[in-house]
Each structure stands twice: as C-alpha cells, then as structure tokens.
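Me: I would like a close look at a single part of this model, the sheet, and then at what surrounds it. Please keep the account plain.

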Amino acid sequence: MQDLREMATHPSAEPPVTEFTGQLFFRLWRASHVRAADALGSVGLTPALFALLNVIGARKGAIQQELGSALGIDRSTMVSLIDQLESAGLATRRPSATDRRAREIGITAKGRRLLERARGLISETEDEVLAGLTTKERGELVGLLRRALESAPTQPLWSAAEGD
C-alpha cells in the first residue's frame with residue numbers, strides 16, 4: 001500500500017477538479033478508504049471484513065443471504081468473507097432455527113472485542129477525513145448520503161475480484 005506521506009497533502013477542491021459530485025465522492029472515498037484500510041490492517045481486518053463484522057455485530061442471528069443483500073456483496077464473496085471471519089474466530093455459522101436451508105451468522109466474544117477496537121479506529125479515520133465539518137454538518141452529510149443511496153439506481157453486487 002502507498003505510504004500516506006507520499007500523498008498530496010491538500011488536493012485541490014477548486015472547480016473543475018471537483019465540479020461533479022462523482023469526482024467529490026471518489027476523492028473523499030479514496031481519502032477515507034486508504035486511511036481506513038491502513039488502520040484496519042493494523043488489527044488484521046480489511047474494509048470489507050470490517051463492514052461485514054459491523055453488520056453481524058448489530059444483527060443477532062443474521063442470515064448469510066440477507067447479509068449479502070444488505071451489503072451489496074455477491075454470494076461467493078460473502079462466503080469467502082464469512083470463512084475468513086470464522087477462521088479467525090470472529091464469527092460463527094450455524095443452521096437457522098426457522099429455515100434449515102439458511103445459515104445464521106453470529107459474532108463471537110473475540111469478534112465483539114475486535115469490532116469495538118476497529119470501530120474506534122474508523123471513528124478516528126472519519127474524524128481526520130471530515131475534520132473540516134462540524135458535528136452537525138457531519139450528521140447532515142450522513143443523512144443526505146443515506147437518502148441518495150436509497151434512491152440511487154441499482155448496481156451490480158460487489159465482488160472480491162474488484163478489490164477491497
């Protein structure tokens with residue numbers, strides 16, 4: 001991974017560099033993703049593994065297929081991510097009590113401890129990336145992004161082949 005010191009210190013925020021929303025999304029995503037990947041790597045997670053562990057931690061008895069749908073992850077990638085979490089002792093897989101074809105994914109105590117640590121790292125990353133916004137503005141930004149995502153066109157499911 002590229003050393004953070006090699007990056008531009010203050011990328012331009014002037015039009016036409018940031019004329020379009022997509023350009024802004026990409027630049028902010030990249031600033032956030034590079035830092036998040038580095039921070040999460042220090043505890044043995046990737047952004048995709050963190051995202052999955054975070055949802056598993058919030059949903060007791062989460063069904064594997066529902067997790068993939070909620071996160072927009074294809075079936076084979078989801079299986080691989082859950083395998084990784086399970087191998088690391090962070091999550092468990094068991095048959096669903098209500099549907100024998102479905103698998104419930106649960107977080108372990110070790111997974112819960114790591115998730116809390118990782119959430120702290122991500123909060124620090126977001127504080128750094130969004131330092132130019134007040135707490136109120138950050139809340140507004142999250143609300144606007146959620147609304148935009150809910151109304152955005154459908155997209156193909158994410159696959160590990162795309163990179164993390």
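How many bridges join β1 to strand β3, and which way do the two run?

Reply: The model is predicted. Two bridges join β1 to β3 (residues 103-107), and these strands run antiparallel. One position can be named on each side: Ala 62 has Ile 105 of β3 as its bridge partner.

The sheet as a whole is open and has three strands, in the order β1-β3-β2, with antiparallel pairing. Because β1 (62-63) and β2 (91-95) each have a single partner strand, they stand at the edges, and one side of each is left without a neighbour in the sheet. In general, strands of a sheet pair through backbone hydrogen bonds, either parallel or antiparallel.

Two residues of β3 give a view of its surroundings. Glu 104 lies in this strand. With a relative accessible area of 14%, Glu 104 is buried, since the cut-off for that term is under 20%. Apart from neighbours within four places in sequence, the contacts of Glu 104 are Gly 61, Ala 62, Ile 63, Thr 92, Arg 93, Arg 94, Pro 95, Ser 96 and Ala 97. Ala 62 thus appears twice, as a contact of Glu 104 and as the bridge partner of Ile 105.

Ile 107 also has its place in β3. With neighbours within four places in sequence again left aside, Ile 107 is in contact with Leu 53, Ile 56, Gly 57, Leu 90, Ala 91, Arg 112 and Leu 115. The C-alpha atom of Ile 107 is separated by 27 Å from that of Trp 29, and the two residues are 78 apart along the chain.

Now the helices. Helix α1 covers residues 21-41 and has 21 residues; from first C-alpha to last it reaches 29 Å, close to the 30 Å expected at 1.5 Å a residue. Its buried residues include His 33, Val 34, Ala 36, Ala 39 and Leu 40. Among what covers the buried residues of α1 are α2 (47-58) and α5 (109-129).

A further pair is α3 (residues 64-71) and α4 (residues 75-87), whose axes come within 10 Å and cross at roughly 115°. The two helices are therefore roughly perpendicular to each other. From α3, the contact is made by Gln 64, Gln 65, Leu 67, Gly 68 and Leu 71, and from α4 by Arg 75, Met 78, Val 79 and Ile 82. The crossing of α3 past α4 is right-handed.

Methods:
Residues numbered from 1 in each chain as written. Predicted model: local features only at pLDDT ≥ 70, side-chain atom pairs only at ≥ 80, totals over all residues. Heavy atoms only, no water. Pairing = 2+ DSSP bridges. Helix = DSSP H or I, 4+ residues; strand = E, 2+ residues; numbered from the N terminus. Expected span 1.5 Å × (residues − 1). Buried < 20%, exposed > 50% of the residue type's maximum accessible area, 1.4 Å probe, protein only. Contact = heavy atoms within 4.5 Å. Axes fitted to C-alpha atoms, helices over the stretch in contact; angles between N-to-C directions. Parallel < 35°, antiparallel > 145°, perpendicular 65-115°, else oblique. Left-handed = near helix turned anticlockwise from the far one by under 90°.
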